[in-house]
Amino acid sequence: MTLVIQFSYFAAALLFILGLKAMASPLTARKGIIWAGVGMVIATVATFFEPVIVGTTNYVLILLAIAIGGAFAYVTAKKVAMTDMPQMVAIYNGLGGGSAGLIAAVSLAKAQRELHTVAQDEAAAVAASHNLPMDAALRLVDAGSIGAWMGIDVAILALLGAVIGTVAFSGSVIAWAKLDGRMKRNKLVSGHQWVNIALAIATVLLGIWVFFAGTGWPIFLFFVAAFLVGIFVTTPIGGADMPVVISLLNALTGLAVGFKGYVLGNPALIIAGIVVGAAGMLLTHLMAKAMNRPITNVLFSGFGASPDAG
Amino acid sequence: MIEGMTGVIAIYVFMLSAVAGYEVISRVPVILHTPLMSGSNFVHGIVVVGAMAALGMAQTPLEQALGFLAVLLGAGNAVGGYVVTERMLEMFKTSDKDKKQGAK
């Protein structure tokens, strides 16, 4: 059975690459999305038979989430006017980034819970052998860090994917709000570029803290900081530059998905994610070039320069 | 990490996937920029598969809540991405060159 699942992932990865290849040419573009769609269905159906999925509750939750999320996206995507497509791409991309961030949150919460259990067990043993009260024993034991527990490589990619996915999520929401005419501001605070730098540094430091910590609440702060980075970086960018930014956020989500593939040990996620990451980076470059603007100009020209436009 | 795929092999997969992604779209015409962006947006909807695995492994209510949201958003990415891309590429069927809304 596992072999069938692995082969399904292989077929899905192949169909994604061939589908993207076909989508790069006007004559075959429509076939391309259908191939990619078939790949997605194969991979999703195969995952239902994954041995890692345990418990009836979890199966019910999975079906329920797919039904609600899928139905909502289907209705909104069918209803939207042709001219409003770019912001819909932005919001669906944001959903993917958010999903990658949440997968990281689940992995980190799981590692933290397991560390807590280890600490409790060790403390109980110490308390019994030294005749100490439980809270004193808890202070004596050190169960180690999340980084050591998950494995250094897995922990680093989990944290990187968490940052990138969360930034793609909040950035995409801002991009959507701007294109949809719901947000006119180009500035949230004075000294925007300093706030951006401070938030970026805070996110990195919190990520390092999570890596070396065993407790839960740095994880929460870490996600909040990454979320704010996405908002603050995207806000100064004007509406005309948004398609380029959406393409960049799309590439970032791809990278985050690829990193999650490593954390979860799923090659289909790695291949699809990294292919989209690389293709998206190139596409971002091509789109910026078509507008005759370098990408750095698009991203940083708004920094601290423009007053409130609305 | 899954059995049979060590860290080194994963690095090869990363590298080859990046090359494939770059090569696959290196000669795309301007008119297809936006549909292709939308199409690649659909492809990373595969994140729903990872979210399903994460929710499947969840053991506490917190993990289940986070996992549930992950699957919800991932499914939205996949389904929304597909429908939007389909609708954009629909315009390439009836007439090729005179409808250029797909490029912007």
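This tour moves through a predicted model, beginning with chain B, passing to one helix of chain A and ending where the two chains meet.

**Chain B as a whole**

Select chain B and colour it by secondary structure: 4 helices and 0 strands should appear, and reading along the sequence gives the pattern α-α-α-α. If you then colour by accessibility, keep in mind that 60% of the 104 residues of chain B count as buried. The accessible surface of chain B comes to about 4400 Å², and 65% of that surface belongs to carbon and sulfur atoms. A contact map of this chain is also worth a look, since among its contacts with a separation of 6 or more, residues 24 or more positions apart account for 69%.

**The annotated spans of chain B**

Next, select residues 6–25, 37–58 and 64–84 of chain B, which an unreviewed UniProt entry annotates as "transmembrane region". Taking residues 37–58 of chain B on their own, you will find the end C-alpha atoms 33 Å apart, with the span being 82% helix and 0% strand. Move on to residues 64–84 of chain B, where the end C-alpha atoms lie 30 Å apart and the span is 100% helix, again with 0% strand.

**Helix 10 of chain A**

Now switch to chain A and select residues 242–264, which form helix 10. This helix has 23 residues and reaches 32 Å from its first C-alpha to its last, close to the 33 Å expected at 1.5 Å a residue. Is helix 10 of chain A largely enclosed by the rest of the structure, or largely open? It is largely enclosed, because 21 of its 23 residues are buried, that is, under 20% relative accessible area. Step just past the end of helix 10 to Gly265(A), whose phi is positive, at about 70 degrees.

**Where chains A and B meet**

Finally, show both chains and select the residues in contact, of which 89 come from chain A and 78 from chain B. The area buried between chain A and chain B is about 7500 Å², with carbon and sulfur atoms giving 80% of it. Within the part that chain A buries against chain B, pick out Arg30(A), Ile33(A) and Met40(A), which together supply 9% of that area, more than any other three residues.

Stay with Arg30(A) and add Glu86(B) to the selection: their side chains meet in a salt bridge, with an N to O distance of 3.9 Å. Between chain A and chain B the count is 3 salt bridges.

Methods
Residues numbered from 1 in each chain as written. Chains lettered and ligands numbered in written order. Heavy atoms only, no water. UniProt positions renumbered as here; feature names shortened; annotations may be inferred. Helix = DSSP H or I, 4+ residues; strand = E, 2+ residues; numbered from the N terminus. Buried < 20%, exposed > 50% of the residue type's maximum accessible area, 1.4 Å probe, protein only. Contact = heavy atoms within 4.5 Å. Areas by Shrake-Rupley, 256 points an atom, 1.4 Å probe, with all protein chains shown as cover. Expected span 1.5 Å × (residues − 1). Buried area = accessible area lost by both parts, 1.4 Å probe. Salt bridge = Lys/Arg side-chain N within 4 Å of Asp/Glu carboxyl O.
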